[in-house]
Amino acid sequence: MEEISRLLAEILDIDFIRAVTSNPRDKTGIIKVKARPLEKKGELFFQLESFTRTQAFHENLSGKDACRKLAEYMVRFGQMQIETVQEECTVLVSKKGKVTIKRRRRQSAAAPADRSHNRKKRYILEEGIPVPFLKDLGVMTEEGKVVRTKSNKFRQINRFLEFVEDILPRLDKGRELTILDFGCGKSYLTFAMYYYLHELKGYDIRIIGLDLKSDVVARCGKLAEKYGYRKLVFLEGDIADYDGVDRVDMVVTLHACDTATDYALAKAVGWGAEVILSVPCCQHELNAQFADRGDQDDGSSCLAPVMDYGLLRERFAALATDGLRAKYLESLGYEAQVLEFIDMEHTPKNILIRAVKSEKKNKKAVKEIKKCIQFLGVTPTLGRLLGNKGENS
């Protein structure tokens, strides 16, 4: 990791803005690390914030110690995105330990980081800076102030963009990228993706939003035209039947109801999408299959403390559904994570499945899926679809 240590020693100075790690090798330990500059009593420190699935830890370090600690962390991660006032850097580490560093000079210098200890939380879309689509969608006022009743939506949009920010190194900036957004609805996040990737980050992207509601599709299409978002289009259609493209780089499915999520995931795998972001909704399928089974003496009666109570059975079914979805993606060559999308107090639909294409299929996941569905006595739609290489059956 000498290359990483040398890079960090060079850039951890007054012009450093932030660094974020992603693609953890081990999903059970620390899954993300963020670094930012911090000024205390006139001295420059660097705050490292490390995250497990349930906790966050902070430590304030000198430049030398921060350099050492970040380099040590990179043994556990596949990539790190670094920003300074003058440049953007991407650090990639292969499973065999090969380090690749990509550095890009900014066309114009970025604003220095806020180094105050009690700073406001940094959002990708900042309050006070008017964003056209947020004004028209009722999230912001003309002056860029977040509407009080839409503060949770503003927070959700920024949280989603953080997930997109993490996977930027997986998106090829040298060609047009195609992104499919299934079940786009009012398209808060669809517009946010286009604005962030195209307007702020300079990617050449084409985004297709697909939804069943013709009035919603028409309204979003007019807004895209109003903003001059030439490569953002909205179409009326069903996820299961859509075949309007041959190649897709990223598939997004947000709150697609019940098995509509499965059709979207199967389509994504069939296209060989590099990135999948999915927030499932209304996972009823397995719950119905549990109910149809009745009392069976096959060993699964040990789950009676859950299955005998409708509310618990419903929640268990939803968790099992999403866990199996992630495992199916791993079995077909994706690195999958199940992440908290937004705090539970804001919405119960708070799980996001993020999957990025990897080098090989996970044979262990295949065995785990088989044992799980046999024990539960269920036949998930996604398994059936992927058995047919993502095509509808």
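**Exercise 1. Classify Ala9 by its accessibility and place it in the structure.**

Step 1. The relative accessibility of Ala9 is 56%. Residues count as buried under 20% relative accessible area, as exposed over 50%, and as partly exposed in between (1.4 Å probe, protein chains only). Ala9 is therefore exposed, at 56%.

Step 2. Ala9 belongs to helix α1, residues 2-11. Helices (H or I, at least four residues) and strands (E, at least two) are DSSP runs, numbered from the N terminus.

Step 3. Gly63 stands 54 residues from Ala9 along the chain, and the two C-alpha atoms are separated by 7.7 Å.

The model is predicted: local features need pLDDT of at least 70, side-chain atom pairs count only at pLDDT 80 or more, and totals for chains, interfaces and linings use all residues. Residues are numbered from 1 along each chain as its sequence is written, and side-chain values use heavy atoms, with hydrogens and water left out.

**Exercise 2. Compare the expected span of helix α5 with the distance between its end C-alpha atoms, and describe its burial.**

Step 1. The expected span of a helix is 1.5 Å times one less than its number of residues. Helix α5 (residues 188-200) has 13 residues, so it should span 18 Å. Its end C-alpha atoms are 17 Å apart, which agrees.

Step 2. Of the 13 residues in α5, 10 are buried, and the helix is mostly covered. Among them are Tyr188, Phe191, Met193 and Leu197.

Step 3. Just after α5, Gly202 has a positive phi of about 75°.

**Exercise 3. Identify the residues that touch the most other members of the largest nonpolar core.**

Step 1. A nonpolar core is a set of buried Ala, Val, Leu, Ile, Met, Phe, Trp, Tyr and Cys residues joined through side-chain atoms within 4.5 Å.

Step 2. The largest such core has 54 residues, and those touching the most other members are Phe133, Leu134, Phe160, Phe191, Leu197 and Tyr229. Helix α5 gives the most to this core, with nine residues. Another core, of 40 residues, lies apart from it and includes Leu210, Ala268, Ala273 and Ala355.

Step 3. Contact means heavy atoms within 4.5 Å. Leaving aside neighbours within four places in sequence, Phe160 is in contact with Leu189, Met193, Val252, Leu254, Leu277, Phe341 and Leu352.

**Exercise 4. Determine how helix α4 packs against α5.**

Step 1. Axes are lines fitted to C-alpha atoms, for helices over the stretch in contact, and angles run from 0 to 180 degrees between N-to-C directions. The axes of α4 (residues 151-166) and α5 are 10 Å apart, at an angle of about 50°. That makes α4 oblique to α5. Angles under 35 degrees count as roughly parallel, over 145 as roughly antiparallel, 65 to 115 as roughly perpendicular and the rest as oblique.

Step 2. The crossing of α4 and α5 is right-handed. A crossing is left-handed if the near helix is turned anticlockwise from the far one by less than a right angle, and right-handed if clockwise.

Step 3. Residues of α4 that include Ile157, Phe160 and Leu161 meet residues of α5 that include Leu189, Ala192 and Met193.

**Exercise 5. Check the span of α10 and describe its packing against α11.**

Step 1. Helix α10 (residues 310-331) has 22 residues and should span 32 Å at 1.5 Å a residue; the end C-alpha atoms are 31 Å apart, which agrees. Just after α10, Gly333 takes a positive phi of about 95°.

Step 2. The axes of α10 and α11 (residues 363-376) come within 9 Å and cross at roughly 150°. That makes α10 roughly antiparallel to α11. Their crossing is left-handed.

Step 3. The contact involves, among others, Phe316, Ala320 and Leu324 of α10 and Ala365, Glu368 and Ile369 of α11.

Step 4. Glu368 is partly exposed, with a relative accessible area of 30%. Glu368 and Ser331 are 37 residues apart in sequence, and their C-alpha atoms are 9.5 Å apart.

**Exercise 6. Describe the surroundings of Met250.**

Step 1. Met250 is in strand β11, residues 250-257. At 0% relative accessibility, Met250 counts as buried.

Step 2. Not counting residues up to four places away in sequence, Met250 touches Ile167, Thr178, Ile179, Leu180, Met193, Ala273, Val275 and Leu277.

Step 3. Asp181 is 69 residues from Met250 in sequence and 8.6 Å away in space, C-alpha to C-alpha.
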